[in-house]
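This report concerns the nonpolar packing, one helix and a surface patch of a single model.

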Amino acid sequence: MTDLWEFYKRGTWVEPFLTLSICLFVLTSLFLYLLIIKSRNKNIIKARRKIEYDAFIDKLLFSVVFEDISFSDVLKNNEYVLMSQKKFFREVITESVINLHKNYDGIYAKKLEQFYKDSELKNDSFKKLKSLKWDVKCKGITELAEMNVYHAFDLIITFSRARNKILQITAINACIKLAGTKGIVHLSEHTNPIDDWTQVNIIHAFKKHDIGDTKSIELLLESQNTTVVTLGLKLIKELKLTQKLSYVEQLTERTSNTLIKYEAQNVLHTLTV
């Protein structure tokens with residue numbers, strides 16, 4: 001310990017220490033600079049490729065949607081075959097297909113859905129559901145729901161119990177789009193509280209997708225989860241489901257929860273006045 005103190009007092013260590021510190025600082029700065037340059041160049045290359053891909057994809061999808069080009073004909077295009085093996089190209093074309101599908105319906109939408117399946121872009125969306133990143137899962141769920149992949153329902157509904165609120169809302173909205181009230185009645189057995197923000201999003205999803213079949217919504221009123229019951233009452237009120245008033249009346253008679261009783265009475269008053 002004494003030798004160490006004497007070494008410190010002599011100060012011979014100061015110059016090597018400062019030299020080493022300066023070298024480390026310079027090397028670190030250089031490394032960060034090179035990292036920024038590399039990232040910038042990567043983004044520039046990616047942007048250029050996207051422009052090239054977009055031009056090719058626009059022509060391809062135009063042919064698929066408006067010229068009745070079959071997927072077997074698409075596979076004869078060597079340029080497409082080569083590009084389709086690249087992950088970034090598949091991401092870009094998936095985004096294009098999704099955006100087009102949002103703007104078309106009828107036979108045009110069906111053609112896009114068929115291309116989505118034939119090109120195996122659907123499989124890419126399913127792979128996203130296995131990601132550890134919640135935002136990637138949300139993207140996959142949204143893609144599958146938009147392209148009406150109905151057999152994805154059972155898998156997507158499992159995410160309605162996710163801890164992440166955005167993932168939970170995305171899954172519930174997707175299930176409502178895919179299966180209407182079948183997507184919502186799963187919540188009758190939901191054990192976790194559904195906060196007000198989530199409830200607002202669920203109601204918005206019903207309005208957005210114009211769910212005509214409201215059968216089984218009354219099952220929400222029988223849930224042991226008070227937030228699910230509240231959601232059921234809000235749905236009946238917001239969608240003006242007067243045919244469900246008998247179930248609301250039964251709820252007011254049997255419930256011992258003051259808040260639920262008050263909410264049910266409010267729904268009855270609103271829809272009968």
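The paragraphs below treat the cores, then the helix, then the patch.

The model is predicted, with local features requiring pLDDT of at least 70 and side-chain atom pairs pLDDT 80 or more, while totals for chains, interfaces and linings use all residues. Residues are numbered from 1 along each chain as its sequence is written, and side-chain values use heavy atoms, without hydrogens and water.

The largest nonpolar core (buried Ala, Val, Leu, Ile, Met, Phe, Trp, Tyr and Cys residues joined through side-chain atoms within 4.5 Å) has 40 residues, of which Tyr80, Ile93, Val97, Phe115 and Ile156 touch the most other members. Helix α2 contributes its largest share, seven residues. Another core, of 27 residues, lies apart from it and includes Ile172 and Leu241. Beyond four places in sequence, Phe115 is in contact (heavy atoms within 4.5 Å) with Leu60, Val74 and Leu121, among others.

Helices here are DSSP runs of H or I, at least four residues, numbered from the N terminus.

| Helix | Residues |
|---|---|
| α2 | 14–66 |
| α6 | 106–118 |
| α13 | 226–238 |

Because the expected span is 1.5 Å times one less than the number of residues, the 13 residues of α13 should span 18 Å, which agrees with the 18 Å between its end C-alpha atoms. Buried residues of α13 (under 20% relative accessible area, with exposed over 50% and partly exposed in between, 1.4 Å probe, protein chains only) include Thr227, Gly232 and Ile236. Just after α13, Lys240 has a positive phi of about 55°.

Phe62, Phe66, Tyr104, Ile107 and Tyr108 form a nonpolar surface patch of about 470 Å². Its members have over 30% relative accessible area and no salt bridge, with nonpolar side chains joined within 5 Å; a salt bridge is a Lys or Arg side-chain nitrogen within 4 Å of a carboxyl oxygen of Asp or Glu. Tyr104 lies in the loop between α5 and α6 and counts as partly exposed because its relative accessibility is 31%.

Terms used:
Helix = DSSP H or I, 4+ residues; strand = E, 2+ residues; numbered from the N terminus. Patch = residues over 30% accessible without salt bridge, like charges linked within 9 Å, V, L, I, M, F, W, Y side chains within 5 Å. Areas by Shrake-Rupley, 256 points an atom, 1.4 Å probe, with all protein chains shown as cover.
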